[in-house]
Structures are given as C-alpha cells and as structure tokens.
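Hello,

Here is the model for you to open. My notes on it follow below.

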Amino acid sequence: MTLTPKSPAPQNRAPPKLSPHTLPMALTMGDAAGIGPELALQAWKDRFHDRLPKFVLYADVDMMRAVARSAGVDGSLIVPVTDALAAAKVFDDALPVIPIPLAEPATPGAPTVANGPATILAIRRAVADVAAGRASAVVTNPIAKSVLYGAGFEFPGHTEYLGALAAEFWPGEPSAPVMMLASSELRVVPLTIHVPLKDVPSLLTFDKIVETARIMAASLKRDFGIPNPRIAVAGLNPHAGEDGALGSEDAEIIRPAVEALRAEGLDVTGPHAADTMFHEAARKTYDAALAMYHDQGLIPIKTLSFDEGVNATIGLPFVRTSPDHGTAFAIAGKGLASAASLKAALKLAGEMSARRSLASAS
Ligand SMILES: NC(=O)C1=CN([C@@H]2O[C@H](COP(=O)(O)OP(=O)(O)OC[C@H]3O[C@@H](n4cnc5c(N)ncnc54)[C@H](O)[C@@H]3O)[C@@H](O)[C@H]2O)C=CC1
Ligand SMILES: NCC(=O)COP(=O)(O)O
C-alpha cells in the first residue's frame, strides 16, 4: 500500500505572485514525536540572528503550541495559515503553520503508527505547494522510517517518496532523486541508500554509476555554482579491489564507468580506496565523492560535520534539503537538540533556489 493521501495536483502553475526569493520554504514537521517540531520552533526563534530564509511549517497546530509552551514561548505565536503565500507576511512576527492534524496527541520520544499518515501528508502538501508556486523549496524534518513502514509507507525514505511526488506534480519533467550529504568539509553521494549491506554488490551497475555521476555533475553546476565539478568515485572493496585480489567489482564495474564518464568530458576519477579518500588533503582534490553504499559515505560526513551537515535531494525538479540527523527520540522534548543542521538545511535550500531561479531567468 502506498500512503499518498490525495490532495489535488495543482491545476494552475501560473507564475507565483511573489518572486522565488520572497516565497517561503515549505518545512515539514517530520515525526511529531521526534525532535523536528522543537527544531522548527528553535529555527523560527533564531530567524533574525541566523538570517534564516522565511519558512512555513506543515504541522499540527495544537502540537506546535504545546512545543512552544514547553520552550517558554507564547502559544499564540504559532499562527495557522491556509496559504503558504500568506505565511511569508506573518513570518517576522509569528511562526506560520499550515495545519496538518495528527490522529492522536504526540508524546515526545514515543512515535505512533497512527500519526504516520499525518507525517506523510505534511511532505505531500509541502511538495504540492512548491509545485503550485506557493513555496520555493521543500525542507524536511526527520521521519522514522520503521514507524512509517508500519503505517504502510512503501518508500525507503524521503528521497524515493519525493521522486514519486515529482513524477506526479511535474509530469513529463526529468526526475531522478539522488541523495547528497553536504557540508563545508565534504559533499558525498551514496550510490545505494537504504538497502542491506549484503545486497550492495548486486546493485552496483555501470549504468547506475554513470547516471548518478551525471546527476551529480549537473547539480554541482546548477545548485552549487561549480562550473567544472570534480567527482571522486570510491571503490567497493578494500584498496579498491587490490588489482582483483580483494574483489572484482572495482575493476569490472566501477572503473569502466569512470572511464566512460571521463570520455564524456566529465572530471571523474577513481575507483579510489575508500579508506584514504576522505582525509583533509584528499578532500581538497574533488568537489564531491560518490560512495558505493550508505555508511561508506555517511560515516565520513557525519564524523566531520554532524552539526552542519545537510541532506539534499538532487536530480529533482524542485529543491529539497533536510538536516543530516534523524528523529533522535531519546532527546525529543528535552530541550537538548541542536537546530544547527536544520538551519544549515534552510540556508542551503535558499542558496540552491536562488541559483536555480537565476539560471532560469538568464
Ligand atoms: N532525513 C531523515 O528523515 C532521517 C531519518 N532518520 C531516522 O531517524 C531515526 C533514528 O535514527 P538514528 O540512527 O538513531 O539517528 P539520529 O540522528 O536520530 O540519532 C543519532 C544520535 O545523534 C543524536 N542527535 C541526533 N540529532 C541531534 C541533534 N539535532 N542535536 C543533538 N543530538 C542529536 C541522537 O540523540 C543520537 O544520540 C531512524 O528511524 C531513522 O530512520 C535518520 C536519518 C535521517
Ligand atoms: N541516512 C540518511 C537518511 O536516512 C535520509 O533519508 P531520506 O529520508 O532523506 O531519504
């Protein structure tokens, strides 16, 4: 079963009344029992100090008022709005919320399957508003995958769900969602994402590597403003296979893909031994790394930049970013969670949107 509560696809994609620079970001609540709601409030509180772009939150209003009160913020500063466009006008004075009612009250740290559909609806509504020109980009708070699977969610995570929403709301436009983790230290793309490690070798193909590296190169130019991006591709096996002695995938799949990409004129190198490609000097030799599996790429960036890492979905017809961390149920509601990664996600979404709108205007 695919949980896609139906709201109509936008009928009218007339140009928005406000320029993309003044449209709010569409920020989802994530799992209501996780740290997303308190991070959204914290980001709003710090909006001027941290020069954050305006955003509208897709969340349960009563839940947000409870979160506000427990943080010592007047609940009346949580203001329901029916339209994301109206949100930009109230953002300076109050936190605008597009109401997404929960099925039951949320308890921090105790997620429920019953609230799964609201978590999913928040994502869908945010994407629909970007498609309708009412918001400039989607920024998501963390979801607990296992909770949503229990609610019938059929996608491994946001990345794949956003790909399906892109196909629905931008029919006919190219869409191939690719996960990129980005910080000032490192940008890295995991080729395979939420799959068991034992399945990784069979999922590595020449075509997947070539397609993913092309999407990376295009995004590094379009979204990050790097005219001639350099991409370093990791090997799969220790020492990138040690000339075949430690595995065949590096020589038989990854190297031919790198050679094909280079023949296209892209600045792609590899396969590199993964254990030595993330140290400081090595990182200076490329603009983004392509890792073969989730932890190969996410361990280095979360170790280097847990506080400011951002997860961006590239290859979509719209901008989406997210903090690099998860729901952190153990600390939810305790006032311990850092909003730094969410703030970085809001800022990066603003920069990516600005670059895209500049490129489409020229
Ligand atoms: N974009 C998304 O929706 C993501 C969702 N997840 C989900 O989150 C759930 C929990 O995953 P975990 O592996 O436990 O990762 P996690 O990131 O939620 O927690 C890992 C550790 O970091 C701490 N932590 C996380 N965010 C923090 C913050 N903002 N400030 C201070 N400390 C923080 C936690 O307390 C915990 O000790 C899983 O269900 C997973 O699917 C995980 C990563 C991304
Ligand atoms: N480990 C990264 C992660 O879980 C984020 O996935 P997604 O929900 O953004 O697809």
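In these notes, helices are DSSP runs of H or I with at least four residues, numbered from the N terminus. One caution before the details: this is a predicted model.

Ligand 2

On that numbering, helix 6 (158-169) and helix 11 (294-305) each supply at least two residues of the shell around ligand 2. The full shell is Lys145, Gly157, His158, Thr159, Met179, His194, His294, Leu298, Asn311 and Arg320. By class, that shell has 2 nonpolar, 6 polar and 2 charged residues.

Some polar distances may be useful to you. A polar side-chain atom of lysine 145 sits 2.8 Å from an oxygen atom of ligand 2. For arginine 320, a polar side-chain atom is 3.0 Å from an oxygen atom of the ligand. Histidine 294 meets a nitrogen atom of ligand 2 instead, through a side-chain N or O atom at 2.8 Å. On its own, ligand 2 exposes 310 Å², and the protein buries 88% of that.

Where does ligand 2 lie with respect to domain 1 and domain 2? Domain 1 (9-174 + 337-362) and domain 2 (185-304) both give residues to its shell, so ligand 2 lies between them.

The two domains

The protein chain is divided into domain 1, which is written in two segments (9-174 + 337-362), and domain 2 (185-304). Their C-alpha centres are 31 Å apart. The contact draws 8 residues from domain 1 and 6 residues from domain 2.

Ligand 1

Around ligand 1 there are 15 residues, the closest being Ile143, Lys145, Gly326, Ala328 and Ser338. Lysine 145 is thus listed for ligand 1 and also for ligand 2. The shell of ligand 1 splits into 8 nonpolar, 6 polar and 1 charged.

Backbone atoms take part here. A backbone N or O atom of isoleucine 143 is 3.0 Å from an oxygen atom of ligand 1. A polar backbone atom of serine 338 is 2.9 Å from a nitrogen atom of the ligand. Serine 322 uses its side chain: an N or O atom there is 3.5 Å from a nitrogen atom of ligand 1. Taken alone, ligand 1 exposes 810 Å², of which the protein buries 63%.

Two buried residues

Is asparagine 141 buried or exposed? Its relative accessibility is 0%, and buried means under 20%, so asparagine 141 counts as buried. The residue is in the loop between strand 5 (138-139) and helix 5 (145-150). Its side chain reaches the backbone oxygen of threonine 28 at 2.9 Å. Beyond four places in sequence, asparagine 141 touches Leu27, Thr28, Met29, Gly30, Gly36, Leu39, Ala40, His158, Pro323 and Leu342. One of these, His158, also belongs to the shell around ligand 2. Isoleucine 100 is 41 residues from asparagine 141 along the chain, with 14 Å between their C-alpha atoms.

Serine 341 is in helix 12 (residues 340-361). At 1% relative accessibility, serine 341 counts as buried too. Outside its neighbours within four places in sequence, serine 341 contacts Phe306, Asp307, Glu308, Gly309, Val310, Pro323, Asp324 and His325. Pro323 is in that list and among the contacts of asparagine 141.

Best wishes

Conventions:
Residues are numbered from 1 along each chain as its sequence is written. Chains are lettered from A and ligands numbered from 1 in the order in which they are written. This is a predicted model: local features need pLDDT of at least 70, side-chain atom pairs count only at pLDDT 80 or more; totals for chains, interfaces and linings use all residues. Side-chain values use heavy atoms; hydrogens and water are left out. A residue is near a molecule or strand if one of its heavy atoms lies within 4 Å of it. A polar contact is a pair of N or O atoms within 3.5 Å; within protein, one must be able to donate a hydrogen and the other to accept it, and residues adjacent in sequence count only if both atoms are side-chain atoms. Accessible areas come from the Shrake-Rupley method with a 1.4 Å probe; for residues, only the protein chains shown count as cover. Ala, Val, Leu, Ile, Met, Phe, Trp, Tyr, Cys and Pro count as nonpolar, Asp, Glu, Lys and Arg as charged, and the others, Gly among them, as polar. Domain bounds come from an automatic or database domain assignment. Buried means under 20% relative accessible area, exposed over 50%, partly exposed in between (1.4 Å probe, protein chains only). Contact means heavy atoms within 4.5 Å.
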